[in-house]
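The following exercises ask the reader to work through pockets, ligand contacts, burial and backbone geometry in a protein model. Each task is followed by a solution in steps.

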Amino acid sequence: MKDIKQNQYVLDACCGAKFMWFNKNHPNVIYNDIREMEKGFIKNRQNIEIKPDTNYDFCNLPFPDKRFKLITFDPPQVICKSKTSTLIGCYGSLDKDYDVLFQKGIKELWRVLDDFGILFMKFNNVHINFEEILKHFPQQPLFQTSTNRSKNVLTRWFCFMKIPIAETETQGVQK
Ligand SMILES: C[S@@+](CC[C@H](N)C(=O)[O-])C[C@H]1O[C@@H](n2cnc3c(N)ncnc32)[C@H](O)[C@@H]1O
């Protein structure tokens, strides 16, 4: 694992192969994933590798409270027992205990997010309704995007800001 530097104030909680990143080695980002996989681990996509900076479980991160200004969270979204498909190789899969994983993971990410920090979550409702994951956040998202509509299956990005309770109480937006 790489050493963590003070100026790394962005956390990708589960970076996988970093497909979504313009810069896959941005100096201000900690790329984390529970897996580390060498090139060739997916037979028909020989160039794909999973090389995070750290291998922490996003349910149990060794960072102090409020450590990050920005967190991106793109967890596995497919429930699948087979580990051999290209899709599962790239993106991982969930088992039947996914509700506990999301509950613990979101609580932990909220803990390490700074006040007024931003958390972006990407989620696809192919197997799990959006409500099933959104219920674990202490606050509503500010807004969402919706793209890739096909047969009612959607990938959405949700944007959260960790607004301290004192700031929201008077406006009645805390859940
Ligand atoms: C949908 S993929 C991320 C794809 C990534 N955003 C990209 O751009 O390529 C989800 C990743 O979450 C990782 N993951 C699953 N459970 C995890 C956990 N408990 N802690 C950290 N990473 C986890 C998987 O290994 C997988 O690589």
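The structure shown is a predicted model.

**Exercise 1. Describe the largest pocket by its volume, its centre and its lining.**

Step 1. The volume of the largest pocket is about 960 Å³.

Step 2. Its lining comprises 43 residues, and those closest to the centre are Arg35, Pro76, Tyr91, Gly92 and Ser93.

Step 3. Two elements, helix 1 (86–91) and strand 4 (113–124), give two or more residues to this lining. Helix 1 gives the most, with six residues.

Step 4. Sorted by class, the lining holds 21 nonpolar residues, eleven polar ones and eleven charged ones.

**Exercise 2. Identify the residues that line the second largest pocket, and sort them by class.**

Step 1. The second largest pocket has a volume of about 170 Å³.

Step 2. Its lining consists of Gly16, Ala17, Lys18, Phe19, Lys24, Asn25, Asn47, Ile48, Glu49 and Lys51.

Step 3. These residues divide into three nonpolar, three polar and four charged.

**Exercise 3. Determine which residues are closest to the ligand, and how much of the ligand's accessible area the protein covers.**

Step 1. The ligand is surrounded by 19 residues, of which Met20, Asp33, Arg35, Asp57 and Asp74 are the closest.

Step 2. Consider the backbone partners. A polar backbone atom of Ile34 is 3.2 Å from a nitrogen atom of the ligand, and a polar backbone atom of Phe58 is 2.9 Å from a nitrogen atom of the ligand.

Step 3. Consider next a side-chain partner. In Arg35, an N or O atom of the side chain lies 2.7 Å from an oxygen atom of the ligand.

Step 4. On its own, the ligand has 610 Å² of accessible area, and the protein covers 94% of this.

**Exercise 4. Establish whether Thr155 is buried or exposed, and which side chain it contacts.**

Step 1. Thr155 belongs to strand 6 (residues 153–161).

Step 2. The relative accessible area of Thr155 is 11%, so this residue is buried, the cut-off being under 20%.

Step 3. The side chain of Thr155 makes a polar contact of 2.7 Å with the side chain of Asn124. The two residues are 31 positions apart in sequence, yet their C-alpha atoms are 4.2 Å apart in space.

Step 4. Turn to the partner. Asn124 lies in strand 4, and its relative accessibility is 14%, so Asn124 is buried.

Step 5. The side chain of Asn124 also has a polar atom 2.7 Å from the backbone nitrogen of Val126.

**Exercise 5. Locate Lys66 and Phe116 in the fold, and state the sign of phi in each.**

Step 1. As background, most residues other than glycine have a negative phi.

Step 2. Lys66 has a positive phi, near 60°. This residue is placed in the loop between strand 2 (29–31) and strand 3 (68–73).

Step 3. Phe116 has a positive phi, near 65°. Phe116 is located in strand 4.

Step 4. Assign the exposure of each residue, for which partly exposed is the class between 20% and 50%. Lys66 has a relative accessible area of 40% and is therefore partly exposed. Phe116, at 44% relative accessibility, is also partly exposed.

Conventions. Residues are numbered from 1 along each chain as its sequence is written. This is a predicted model: local features need pLDDT of at least 70, side-chain atom pairs count only at pLDDT 80 or more; totals for chains, interfaces and linings use all residues. Side-chain values use heavy atoms; hydrogens and water are left out. On a 1 Å grid over the protein atoms alone, a cavity is a set of points where a 1.4 Å probe fits but cannot get out, and a pocket is an open set with protein on both sides within 12 Å along at least five of seven lines; lining residues have an atom within 4 Å of a point. Grid points are joined across faces, edges and corners, and a volume is the space filled by probe spheres set on the points. Helices (H or I, at least four residues) and strands (E, at least two) are DSSP runs, numbered from the N terminus. Ala, Val, Leu, Ile, Met, Phe, Trp, Tyr, Cys and Pro count as nonpolar, Asp, Glu, Lys and Arg as charged, and the others, Gly among them, as polar. Buried means under 20% relative accessible area, exposed over 50%, partly exposed in between (1.4 Å probe, protein chains only). A polar contact is a pair of N or O atoms within 3.5 Å; within protein, one must be able to donate a hydrogen and the other to accept it, and residues adjacent in sequence count only if both atoms are side-chain atoms. A residue is near a molecule or strand if one of its heavy atoms lies within 4 Å of it. Accessible areas come from the Shrake-Rupley method with a 1.4 Å probe; for residues, only the protein chains shown count as cover.
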